[in-house]
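Work through the exercises below with the sequence and the model at hand. Try each task before reading its solution.

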Amino acid sequence: MTLIDAFLNAYINANILLVAAVILWMVAWSLMRLAGLRHAFGTQLRLINSLFFAVALSPFIAAGFQYALGTGIIGNRYVPNFSDFVVAQYLDGRIEMKATAFADIIGFRDRLTHDLVTLKTPLGITAALFLLAGFSVLTLRVLASAVQLRNLIRRSYKWRQFGNVQLRLSDTVSVPFSTRSPWHRFIVIPTKMLENSDDLRMALAHEFQHIRQGDVEWEIGLETLKPLFFWHPAFLIWKRSIGHLRELACDQTILARHKFDANSYCDCLLRVCQDGIRSRSHRFIPNVAFVRIDRDPFSSNSARFLRYRVTSMLNTTLPRDGRNLFRFVQVPLVALLVFGTVAIQRPGDWSQDRLMLSTIVNLERLEARTAPRP
């Protein structure tokens with residue numbers, strides 16, 4: 001197996017696991033609703049992050065599993081494989097379909113990988129150009145935005161510093177946000193906000209909470225992966241869900257400390273949003289803003305989400321502790337993703353079932369060739 005073939009195989013596996021992870025997340029979210037934890041946003045955020053982390057580790061899990069197979073630590077008979085399972089179901093008569101059509105379906109992945117590696121078919125060339133163009137455009141966009149963000153921070157004024165967290169003031173932004181470099185974390189505040197001490201305290205509390213939750217690092221990771229999965233609906237759903245949950249969890253945590261009134265906090269959000277719309281300031285990534293203002297036609301509806309944030313803070317009470325349910329749900333879901341990582345790997349040697357399927361396919365093709373023509 002060449003390096004390119006191995007990379008494509010890992011990429012295809014990651015795309016399959018993203019779909020599985022989104023489905024598992026929807027199931028987990030439904031269970032939390034039934035358990036009365038619909039508004040336990042912090043618990044939901046930890047769960048969705050752990051599932052995504054399992055998907056991110058899937059290439060390393062698969063590599064370790066292949067190493068265990070190659071060294072004989074694990075025997076082939078103990079290896080679960082989804083493709084072999086489907087072939088067995090077909091041979092047992094549970095799937096009614098012509099053998100040639102069935103073989104084409106289960107062999108689509110191998111053909112696609114081969115076409116992408118060799119670039120000798122229209123499908124392979126088209127898919128490669130589409131992925132390369134999307135990756136290039138999104139990579140350039142992320143890099144350009146990161147450079148703009150770095151220049152903005154350099155033009156801002158250092159106000160205070162707490163450890164490796166710098167508070168900086170900027171005359172060119174209207175929405176507070178937090179970001180980081182390899183060595184420092186930054187919270188950038190509009191200079192205009194110094195005129196309102198209450199809004200300033202609430203904005204700082206919000207951004208410090210994002211730093212405590214590790215939201216900036218998650219945003220950097222998701223933006224880094226976006227060029228690879230720009231076309232994948234599951235990744236876009238996943239990224240939007242994480243973005244929404246981290247804001248809801250942050251709001252909830254701040255109000256739970258009883259240092260700010262919910263009405264005042266919501267008023268602050270609305271004022272900052274209004275200032276951001278009036279100033280038409282650009283969105284720099286990767287960062288975590290106090291309130292997100294999206295003008296991208298393909299982005300989520302930020303106005304609708306802002307309305308949901310406000311109603312969640314005003315109309316809901318603090319949820320009960322969901323740590324026990326989190327542990328109860330997290331372990332089986334992550335275990336299912338690890339099992340799926342192993343099960344969707346391409347089968348190694350030809351099994352007896354696959355040899356039998358190949359024989360049936362050859363017989364069908366021979367019958368089609370020898371059948372009398374009308």
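Two exercises follow, one on aromatic rings and one on charged side chains.

This is a predicted model, in which local features need pLDDT of at least 70, side-chain atom pairs count only at pLDDT 80 or more, and totals for chains, interfaces and linings use all residues. Residues are numbered from 1 along each chain as its sequence is written, and side-chain values use heavy atoms, with hydrogens and water left out.

**Exercise 1.** Classify the aromatic pair of Phe52 and Trp218.

Step 1. Rings of Phe, Tyr and Trp (its six-membered ring) pair if their centres lie within 6.5 Å; planes under 30 degrees apart are stacked, over 60 edge-to-face, and the rest tilted.

Step 2. The centres of Phe52 and Trp218 are 6.1 Å apart with 65° between the planes, so the pair is edge-to-face.

Step 3. Phe52 lies in helix α2 and Trp218 in helix α9, so the pair ties together parts 166 residues apart in sequence. Helices are DSSP runs (H or I, at least four residues), numbered from the N terminus.

Step 4. Phe52 is buried at 6% relative accessible area, while Trp218 is partly exposed at 22%. Buried means under 20%, exposed over 50%, partly exposed in between (1.4 Å probe, protein chains only).

**Exercise 2.** Which parts does the salt bridge of Asp84 and Arg354 tie together?

Step 1. A salt bridge needs a side-chain nitrogen of Lys or Arg within 4 Å of a carboxyl oxygen of Asp or Glu. The closest N and O atoms of Asp84 and Arg354 are 2.8 Å apart.

Step 2. Asp84 lies in helix α4 and Arg354 in helix α14, so parts 270 residues apart in sequence are tied together.

Step 3. Asp84 is partly exposed at 23%, whereas Arg354 is buried at 13%.

Methods
Helices (H or I, at least four residues) and strands (E, at least two) are DSSP runs, numbered from the N terminus.
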